[in-house]
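Me: I'm new to this structure and would like a close look at just one part of it. Could you walk me through how the strands pair up?

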Amino acid sequence: MAKFMLGYKAGMTQIFDEAGNAVPVTVIACGPVSVVRKKTLESDGYQAVLVAFDETKESRLNRPDRGQFAASGLAPHRRLLEFRVDDVDAYELGQEIKVSEMFAVGDRVDVAGTSKGKGYQGNVKRHGQRGGREAHGSKYHRRVGSLGSSATPGRVWKGTKLPGQMGNRRVTVQNLTVAFVDGERDILAVKGAVPGSNGTCLEIRDTVKFRV
């Protein structure tokens, strides 16, 4: 069965394993999520469930989302996201899914979210470029450097590393290990770091070797 969950990044801390080693983990306040809609092969051409997370006021939703919640009989929620599943019949409309029902310690997961925005940055920060000498006569400190040949091809090659917007994009960190699950407090902890600042909404899926 496909495993999935939504949550907010709560922050990083450390836990100790059985050998007494400190393990850095990211704590995620997960779910519960509720099933709003089921998509089937007959009606949509694929199998998926649409789940809702984080209750909110109805006035904060647009009309299409209000209609989906009215049809399912659920209270309005801030987040709506679709997850592909193997068997849509295993879920019921309005069903509440908790993190402890989906994941266990040792599971491998992929975590996706929006990374921290760092604004417009140069090559040194954006791409890790070394930069030039800091001597007075250098005239090359943190500049881009050569952009290619002149007459041939007479243009800048595609993919050339240049200054630009850094961060604030969707990032997926794959194959993280679940280190801790608390079903009573709806908490999930994974080893290592995940995208975004504290409070970022995260999508958690089980890691599979090949995805369709």
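**How the strands pair**

Reply: Happy to. Let's start with one pair of residues: M12 has T26, in β2, as its bridge partner. Keep in mind that this is a predicted model.

That pair belongs to a longer run of pairing. Strand β1 covers residues 4–16 and strand β2 covers residues 22–30, and 9 bridges hold the two together in the antiparallel sense. The two strands make a hairpin, with 5 residues between them. Look at G20 while you're in that turn: its phi is positive, at about 85°. As for what pairing involves, strands of a sheet are joined through backbone hydrogen bonds, and they can run parallel or antiparallel.

Now stay with β2, since β1 isn't the end of its story. β2 is also joined to strand β11, residues 187–191, by 5 bridges, and this pairing is antiparallel as well. To find the spot on screen, go to A29, which stands opposite I187 in β11. If you're tracing side chains along a strand, it helps to know that in a regular strand they alternate between the two faces of the sheet.

Next, move along to β3, where there's an open sheet to look at. It has 4 strands in the order β5-β4-β3-β6, and the pairing is antiparallel. The edges are taken by β5 (77–84) and β6 (96–97); each has a single partner strand, so one side of each is left without a neighbour in the sheet. Zoom in on the β6 end: β3, residues 33–39, is joined to β6 by 2 bridges and runs antiparallel to it. A handy marker there is S34, which sits opposite E96 in β6.

Finally, step back and put those strands in context. The protein as a whole has 12 strands along with 4 helices. Its radius of gyration is 23 Å, whereas a compact globule of 212 residues would come in near 17 Å. Along the principal axes, the C-alpha trace spans about 70 × 50 × 35 Å. Of the 212 residues, 34% are buried.

Contacts bring us back to distant partners like A29 and I187, which stand opposite each other. Among the protein's contacts with a separation of 6 or more, 69% are between residues 24 or more positions apart.

As for the outside, about 13,100 Å² is exposed, with carbon and sulfur atoms supplying 48% of that. There are 33 positive and 23 negative side chains, and the centres of those two sets lie 17 Å apart.

Definitions and conventions:
Residues are numbered from 1 along each chain as its sequence is written. This is a predicted model: local features need pLDDT of at least 70, side-chain atom pairs count only at pLDDT 80 or more; totals for chains, interfaces and linings use all residues. Side-chain values use heavy atoms; hydrogens and water are left out. Two strands pair if DSSP finds at least two bridges between them. The radius of gyration is taken over C-alpha atoms; the globule rule is 2.2 Å times the number of residues to the power 0.38. Buried means under 20% relative accessible area, exposed over 50%, partly exposed in between (1.4 Å probe, protein chains only). Contact means heavy atoms within 4.5 Å. Accessible areas come from the Shrake-Rupley method with a 1.4 Å probe; for residues, only the protein chains shown count as cover. Lys and Arg count as positive and Asp and Glu as negative; His and the chain ends are not counted. The place of a charge is taken as NZ of Lys, CZ of Arg, CG of Asp or CD of Glu.
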